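Let's take a walk through this one together. Keep the sequence and the 3D view open as you read.

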Amino acid sequence: LVHVLDGRAKTNLFAPDSAHYLYKTQVIPTRYTEDGQEPVASHQYSVLEHAKAVSLASKAEDTMPPGLWLEYDFTPFEVRVTTSQKSMWHFLTECCAILGGVFAFSGMLDNFAYQLNSRSSPGSRGKAGEIEMFGQ
């Protein structure tokens, strides 16, 4: 397990009494499942940090008050990550499906080329009912 926040430090960009800090945290429940093992319940999260300098001498209405603001958003759904291994029969079925698709597509291309060739050179075809032999 890796703790991504280990060793991280916050540096102050402004004087302690003259800044507006906003932290938004979004938490998503997550369940990891592997074949034959117990599911592991965990959470994914993201953090947004916003800091703004505040002038205490300013009397403007749009000035944000200095302070620390925390917002938490807990997602009402759960993400499920499932890892499973397919059987050998499933793999062989997929291979056969791919080969069948390749043969079907090549048959369509062959038919298209034949139709295109027979329309472009009508004199090369034999009479109806005759079989044309190559080399004769």
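**A strand with three partners, and some salt bridges**

At 63% relative accessibility, Arg-80 is over the 50% cut-off, so this residue counts as exposed. Its side chain meets that of Glu-78 in a salt bridge, 3.0 Å from N to O. Bear in mind that this is a predicted model, with a mean pLDDT of 81 for the protein chain and 79% of its residues at 70 or more.

Glu-78 has another partner: its side chain also forms a salt bridge with Arg-31, at 3.4 Å from N to O. Arg-31 sits in strand E1 while Glu-78 sits in the loop between E3 and E4, so this pair ties together parts that are 47 residues apart in sequence. Both ends are partly exposed, Arg-31 with a relative accessible area of 29% and Glu-78 with 31%.

How many salt bridges does the structure hold? There are 3, and one of them brings together the side chains of Glu-94 and Lys-86 at 3.4 Å, N to O. Shared partners join Arg-31, Glu-78 and Arg-80 into one network. As for the Glu-94 and Lys-86 pair, Glu-94 is partly exposed at 35% relative accessible area, and Lys-86 is exposed at 55%.

Now follow strand E1, which covers residues 19-34. E1 and E2 run antiparallel and are joined by 14 bridges; for instance, Lys-24 has Leu-48 in E2 as its bridge partner. The hairpin of these two strands has 5 residues between them, and there Gly-36 takes a positive phi near 75°.

E1 also runs parallel to strand E3 (residues 67-74), with 8 bridges between them, and here Val-27 stands opposite Phe-74. With strand E4 (residues 79-83), E1 pairs in the parallel sense over 5 bridges, including one between Tyr-32 and Val-81.

What does Thr-25, a residue of E1, touch beyond its sequence neighbours? Leaving aside those within four places, its contacts are Ser-46, Val-47, Glu-71, Tyr-72 and Asp-73. Thr-25 has a relative accessible area of 18%, which is under the 20% limit, so it is buried.

Tyr-72 brings us to the aromatic rings. A search of the whole structure turns up 1 aromatic pair: the ring centres of Tyr-72 and Phe-74 are 6.4 Å apart and their planes lie at 15°, so the pair is stacked. Both Tyr-72 and Phe-74 are exposed.

One last look at confidence: among the elements of the chain, helix H1 (residues 88-120) has the highest mean pLDDT, 93, and strand E2 (residues 40-53) the lowest, 87.

Terms used:
Residues numbered from 1 in each chain as written. Predicted model: local features only at pLDDT ≥ 70, side-chain atom pairs only at ≥ 80, totals over all residues. Heavy atoms only, no water. pLDDT = per-residue confidence, 0-100. Helix = DSSP H or I, 4+ residues; strand = E, 2+ residues; numbered from the N terminus. Buried < 20%, exposed > 50% of the residue type's maximum accessible area, 1.4 Å probe, protein only. Contact = heavy atoms within 4.5 Å. Phe/Tyr/Trp six-rings, centres within 6.5 Å; stacked < 30°, edge-to-face > 60°. Pairing = 2+ DSSP bridges. Salt bridge = Lys/Arg side-chain N within 4 Å of Asp/Glu carboxyl O.
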